[in-house]
Amino acid sequence: PAILRRYAGSPAATDKQLRFTDADEAGGYALEALCWATEKGIVQGKGDGILDPKGSATRAEGAAMLMRFLSK
């Protein structure tokens with residue numbers, strides 16, 4: 001999400017709170033980008049209220065984020 005946010009001109013997120021059970025695991029450097037990407041629907045989490053910010057995105061998840069970004 002950080003790369004996509006920078007490409008979009010680094011817009012600020014309106015909602016600065018992540019509503020995922022593991023949101024506290026997100027690094028400080030990525031927090032603004034994750035808030036923005038979640039707000040825009042680019043990042044939707046892994047289901048069951050889990051974001052998994054320290055996990056690896058699969059190729060399919062990366063493609064889905066890119067497609068959502070391009071459709072906004």
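Of the 72 residues of the chain, 28% count as buried. The model is predicted. The chain contains three helices and zero strands. From the N terminus, its elements run α-α-α. The C-alpha atoms occupy a box of roughly 25 × 25 × 15 Å along the principal axes. For 72 residues, a compact globule would have a radius of gyration near 11 Å, and the chain agrees, with 11 Å. About 4,900 Å² of the chain is exposed, and carbon and sulfur atoms supply 54% of that area. Among contacts with a separation of 6 or more, 62% are between residues 24 or more positions apart.

Helix α2 spans residues 28–39. This helix has twelve residues. From first C-alpha to last, α2 reaches 17 Å, close to the 16 Å expected at 1.5 Å a residue. The buried residues of α2 are Ala30, Ala33, Leu34, Cys35, Trp36 and Ala37. Their cover includes α1 (2–7) and α3 (59–71). Just after α2, glycine 41 adopts a positive phi of about 85°.

Aromatic contacts were examined next. The structure holds two aromatic pairs. In one, the ring centres of tyrosine 7 and phenylalanine 69 lie 6.1 Å apart, and the planes meet at 65°, so the pair is edge-to-face. Tyrosine 7 belongs to helix α1 and phenylalanine 69 to helix α3, so this pair ties together parts that are 62 residues apart in sequence. The two residues were then compared for burial. Tyrosine 7 has 68% relative accessibility and counts as exposed, because the cut-off for exposed is over 50%. Phenylalanine 69 has 14% relative accessibility and counts as buried, because the cut-off for buried is under 20%.

Tryptophan 36 and phenylalanine 69 also form an edge-to-face aromatic pair, at 6.3 Å centre to centre and with 65° between the planes. This pair links distant parts of the chain: tryptophan 36 sits in helix α2 and phenylalanine 69 in helix α3, 33 residues apart. Both tryptophan 36 and phenylalanine 69 are buried. Ring pairs thus join Tyr7, Trp36 and Phe69 into a cluster. Within this cluster, Tyr7 lies in α1 and Phe69 in α3, while Trp36 lies in α2.

Notes
Residues numbered from 1 in each chain as written. Predicted model: local features only at pLDDT ≥ 70, side-chain atom pairs only at ≥ 80, totals over all residues. Heavy atoms only, no water. Helix = DSSP H or I, 4+ residues; strand = E, 2+ residues; numbered from the N terminus. Expected span 1.5 Å × (residues − 1). Buried < 20%, exposed > 50% of the residue type's maximum accessible area, 1.4 Å probe, protein only. Contact = heavy atoms within 4.5 Å. Phe/Tyr/Trp six-rings, centres within 6.5 Å; stacked < 30°, edge-to-face > 60°. Rg over C-alpha atoms; globule rule 2.2 N^0.38 Å. Areas by Shrake-Rupley, 256 points an atom, 1.4 Å probe, with all protein chains shown as cover.
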